[in-house]
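Colleague: Could you take a close look at how one pair of helices packs, and then follow the contacts outward from there into the rest of the chain? I would like one connected account that stays with what the coordinates show.

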Amino acid sequence: MASYSNSALLRGLGSRVFRSITSNVNRRSSYWKAPQATVLPSFHRPMSTSEVKERTSMEDLRSVRIVTAVKTPYLPNGQFDLDTYDNLVNMQIASGIEGILVAGTTGEGYLMTWDEQIMLIAHTVNSFGDKVKIIGNAGSNCTSEAITATEQGFAVGMDAALHINPYYGKTSSDGLVAHYNSVLSIGPVIIYNVPTRTAHDISPSVVEILAKHPNLVGIKECVNNDRVKKYINEGLYVWTGNDEESHDARWEYGATGLHSVAGNLIPGLMRELMFGGKNPTLNSKLMPLFDWLFHVPAPIALNTALAQLGVIRPVFRLPHVPIPVEKRKEFVKLVKEIGREHFVGEKDVQVLDDNDFIVVARY
């Protein structure tokens with residue numbers, strides 16, 4: 001195997017140069033499973049939540065209004081920075097956030113091994129499970145992997161599983177129903193519909209079938225607020241996944257609440273947006289921040305912003321890299337306009353130089 005220098009420079013990103021750290025990859029050994037394991041609907045390992053811990057009630061899960069999809073911070077070698085992670089979660093809890101989504105899109109679960117992902121869910125449960133609802137990302141475009149991750153997540157104590165629909169290798173509507181039924185049989189599930197990432201909308205006709213399952217908590221819906229209203233009118237529980245639509249979703253369209261990215265930065269204000277009643281003034285004040293956060297695919301801008309606030313190390317796992325310095329300057333201005341006191345952390349916001357960032361290619 002070729003060796004790689006720990007001080008190798010990663011170039012070719014425009015005129016910017018970031019430090020890059022590479023290391024040998026820890027490879028999981030592969031193993032063979034009988035084909036029946038992935039196709040028999042009755043296949044089940046004794047690891048579901050009902051066999052390990054008392055289930056969180058559906059009523060409790062559906063009462064949650066504000067969930068933060070928490071960022072996963074890294075050490076300079078690209079491994080998890082659990083001390084910083086704990087600090088991030090503690091700041092969420094102190095601001096009244098009711099739920100933590102672990103290793104979702106914002107938490108970069110797609111850049112983790114399954115072992116890392118389940119470990120992070122377990123760590124979050126053990127450290128904060130008595131203070132906040134823990135939703136673990138167990139989604140996969142491979143049904144067999146989704147089943148295993150769901151079983152393991154419930155075994156370590158998560159309250160609910162978040163499941164995106166199969167992406168890239170897209171399936172039919174019948175396939176979606178079969179896929180979701182395979183994980184719904186294990187424990188409480190929140191369906192996650194974000195066609196801008198999957199290129200495959202979960203149609204209302206599919207949701208109508210899945211809504212009959214007793215383990216369906218509700219839907220994290222990212223299409224639009226008209227879709228939110230449709231499901232709410234049908235008696236379903238719906239959290240919008242769009243910060244910029246969340247105020248209207250909650251107060252104009254009846255949404256249950258929000259799974260937030262911006263909550264990583266301004267948890268108190270996002271809670272106020274979900275609990276404080278109609279507040280178009282606050283919503284308008286935050287709209288420039290929402291626009292800035294999503295001018296590139298999430299969580300790239302968020303990762304950069306948290307580093308600028310001094311609450312995480314400026315470390316990125318590839319393929320993500322920091323946003324350009326011009327956009328970092330825009331964030332400094334936004335913090336001053338909204339008020340530094342509303343953002344997490346206590347340090348002054350900084351622009352940071354390009355060479356302050358570490359980009360890890362192998363982790």
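Modeller: In this predicted model, helix H12 passes helix H13 in a left-handed crossing. The two helices pack at an angle of about 135°, with their axes 11 Å apart, and that angle makes H12 oblique to H13, because an angle has to be over 145 degrees to count as roughly antiparallel. On the H12 side the residues that meet the partner are Leu-269, Met-270, Glu-272 and Leu-273, and on the H13 side they are Leu-282, Asn-283, Leu-286 and Phe-290.

The loop between these two helices takes part in a salt bridge, in which Glu-252 pairs with Lys-278 and the closest N and O atoms are 3.3 Å apart. Lys-278 sits in the loop between helix H12 (267-275) and helix H13 (280-293), whereas Glu-252 lies in the loop between helix H11 (243-251) and strand S10 (257-260), so the bridge ties together parts of the chain that are 26 residues apart in sequence. As for their surroundings, Glu-252 has a relative accessible area of 46% and is therefore partly exposed, while Lys-278, with a relative accessible area of 53%, is exposed.

H12 also leads to helix H4, since the buried residues of H4 pack against strand S3 (66-69), strand S4 (99-102), helix H5 (114-128) and H12. The buried residues in question are Thr-84, Tyr-85, Asp-86, Leu-88, Val-89, Met-91 and Gln-92. The geometry of H4 can be checked against its length: at 1.5 Å a residue its 13 residues should span 18 Å, and because the C-alpha atoms at its ends are 18 Å apart, the expectation and the model agree. Asn-87, which is placed in helix H4 (residues 82-94), counts as partly exposed because its relative accessibility is 37%. The C-alpha atom of Asn-87 is separated by 9.4 Å from that of Ile-312, although the two residues are 225 residues apart along the chain. Just after H4, Gly-96 takes a positive phi of about 90°.

Between strand S4 and helix H5, both of which pack against the buried residues of H4, the connecting loop contains Thr-106. Thr-106 has a relative accessible area of 5% and is therefore buried. Leaving aside residues up to four places away in sequence, Thr-106 touches Ala-69, Val-70, Lys-71, Val-261, Asn-264, Pro-299 and Leu-302.

Returning to charged pairs, the count of salt bridges comes to ten, and besides the one beside H12 there are others worth describing in detail. Asp-201 forms a salt bridge with Arg-227, where the closest N and O atoms are 2.8 Å apart. That pair links distant parts of the chain, with Asp-201 in the loop between helix H8 (195-198) and helix H9 (204-210), and Arg-227 in helix H10 (residues 225-233), 26 residues apart. Asp-201 counts as partly exposed because its relative accessibility is 28%, while Arg-227, with a relative accessible area of 13%, is buried. This pair also belongs to a network of salt bridges in which Asp-201, Glu-221 and Arg-227 are linked.

A further salt bridge joins the side chains of Arg-328 and Asp-354, at 2.8 Å from N to O. Here too the pair links distant parts of the chain, since Arg-328 is in helix H15 (residues 325-338) and Asp-354 is in the loop between H15 and S12, 26 residues apart. Arg-328 counts as buried because its relative accessibility is 0%.

The strand that follows that loop brings in one more long-range pair. Val-359 is found in strand S12 (residues 358-360), and because its relative accessibility is 0% it counts as buried. Val-359 and Pro-76 are 283 residues apart in sequence, and their C-alpha atoms are 8.5 Å apart in space.

These local views can be set against the whole chain, which has 15 helices and twelve strands. Of its 363 residues, 53% are buried. Among contacts with a separation of 6 or more, residues 24 or more positions apart account for 71%.

Terms used:
Residues are numbered from 1 along each chain as its sequence is written. This is a predicted model: local features need pLDDT of at least 70, side-chain atom pairs count only at pLDDT 80 or more; totals for chains, interfaces and linings use all residues. Side-chain values use heavy atoms; hydrogens and water are left out. Helices (H or I, at least four residues) and strands (E, at least two) are DSSP runs, numbered from the N terminus. Buried means under 20% relative accessible area, exposed over 50%, partly exposed in between (1.4 Å probe, protein chains only). A salt bridge is a side-chain nitrogen of Lys or Arg within 4 Å of a carboxyl oxygen of Asp or Glu. The expected span of a helix is 1.5 Å times one less than its number of residues. Contact means heavy atoms within 4.5 Å. Axes are lines fitted to C-alpha atoms, for helices over the stretch in contact, and angles run from 0 to 180 degrees between N-to-C directions. Angles under 35 degrees count as roughly parallel, over 145 as roughly antiparallel, 65 to 115 as roughly perpendicular and the rest as oblique. A crossing is left-handed if the near helix is turned anticlockwise from the far one by less than a right angle, and right-handed if clockwise.
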